[in-house]
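Colleague: I would like to learn how to read a model like this one, feature by feature. Please give the general idea each time and then the case at hand.

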Amino acid sequence: VVFDEKVSPDFHLDGYWIQANHKRDYHILLTRGVSSMPMNVPDLSLPGRIELFILLPADWPLEMEQLQDERNYWPIGLLKDLGRYPHTHGTWLGYGHSVPEGQGRTISGTRFAATLLTKSKTLSAEFQRVPFGDSGIDLLMLFPLCAGEYAFKRAAGMAGLSAVFESKNISDIIDTSRPDACGEA
């Protein structure tokens, strides 16, 4: 299923919905269009083109009428907002970057205060890299963070946060009811 962007303020950014099935108990939402322009990377050895994805549980409400509710729509909005971010700000996004919601806000109806760009341990490495020209396109997973996780990541870095997630067996698939892995209530 394609969530076709009807009006594009700058470049055309669509969303793809790869539906859960009997072999895969999660949905994949994936952007198409972020990589249409290279990002302004500080070092040419870094990936200059990305697309973004998010993994949602199979019971996530994704039918059009259900998406009228912001509590269901926010993953699509997050993909679109962060997909435009590097181009509208003349910057880049890459593995390990985290983007706060800002001013103490959280993602609609959740405790999530920031978003981490990372690689999925659920999906294959082949899925997360698309051949394109000499450098390819990286597919980065958006993973929402609770306030404590975001603070811990800023203090301990990506490796520290990854170790905490690994020790607590945190899934790549979004769970809006999961506790903050770094302890903040």
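Colleague: What share of the contacts in the chain with a separation of 6 or more comes from residues 24 or more positions apart?

Modeller: Contact means heavy atoms within 4.5 Å. Residues 24 or more positions apart account for 58% of the contacts with a separation of 6 or more. Before going on, note that this is a predicted model, where local features need pLDDT of at least 70 and side-chain atom pairs count only at pLDDT 80 or more, while totals for chains, interfaces and linings use all residues. Residues are numbered from 1 along each chain as its sequence is written, and side-chain values use heavy atoms, with hydrogens and water left out.

Colleague: How many helices and strands does the chain have?

Modeller: Helices (H or I, at least four residues) and strands (E, at least two) are DSSP runs, numbered from the N terminus. The chain has two helices and eight strands, and their order along the sequence is β-β-β-β-α-β-β-β-β-α.

Colleague: What percentage of the residues in the chain is buried?

Modeller: Buried means under 20% relative accessible area, exposed means over 50%, and partly exposed is in between, with a 1.4 Å probe and protein chains only. Of the 185 residues in the chain, 48% are buried.

Colleague: Take helix α1. Where is the kink in α1 centred?

Modeller: The bend at a residue is the angle between axes fitted to the seven residues ending there and the seven starting there. In α1 there is a kink of about 30°, centred on I76. The span can be read too: the expected span of a helix is 1.5 Å times one less than its number of residues. For a straight helix of 19 residues that is 27 Å, whereas α1 spans only 24 Å between its end C-alpha atoms. Many α1 positions can be listed as buried, among them W74, P75, I76, G77 and L78.

Colleague: Which residues does L79 touch, not counting those up to four places away in sequence?

Modeller: L79 is found in helix α1 and is buried, with a relative accessible area of 5%. L79 touches L13, L29, L30, T31, L52, F53, I54 and L142, once residues up to four places away are set aside. As for sequence against space, L79 and G15 are 64 residues apart in sequence and 8.0 Å apart C-alpha to C-alpha.

Colleague: How far does the backbone oxygen of Q66 lie from a polar atom of the side chain of N72?

Modeller: A polar contact is a pair of N or O atoms within 3.5 Å; within protein, one must be able to donate a hydrogen and the other to accept it, and residues adjacent in sequence count only if both atoms are side-chain atoms. Here the separation is 2.8 Å. N72 is in helix α1 (residues 70–88) and is buried at 14% relative accessible area. Beyond four places in sequence, N72 touches W60, P61, Q66 and L67.

Colleague: How many salt bridges does the count come to?

Modeller: A salt bridge is a side-chain nitrogen of Lys or Arg within 4 Å of a carboxyl oxygen of Asp or Glu. The count comes to four. One of them joins E149 and R178, with the closest N and O atoms 2.4 Å apart. That pair links distant parts of the chain: E149 is in helix α2 (residues 147–167) and R178 is in the segment after α2, 29 residues apart. Both E149 and R178 are buried.

Colleague: Are D69 and R71 buried or exposed, or in between?

Modeller: D69 is partly exposed at 26% relative accessible area, while R71 is exposed at 53%. D69 and R71 form a salt bridge, with 2.5 Å between the closest N and O atoms. In another bridge, D138 pairs with R129 at 2.3 Å; D138 is buried at 12% and R129 is partly exposed at 35%.

Colleague: Why is C146 not bonded to C182?

Modeller: A disulfide is a covalent bond between the sulfur atoms of two cysteines. The cut-off used is a pair of cysteine sulfur atoms within 2.5 Å. The closest cysteine sulfur to that of C146 is in C182, 8.9 Å away, and therefore too far for a bond. C182 is likewise in no disulfide, and a search of the whole structure finds zero. C146 is buried at 1% relative accessibility; C182 is partly exposed at 26%.

Colleague: Which sign does phi of N169 have?

Modeller: Most residues other than glycine have a negative phi. Phi of N169 is positive, near 55°. N169 sits in the segment after α2 and is exposed at 64% relative accessibility. A glycine, G90, takes a positive phi of about 60° just after α1.
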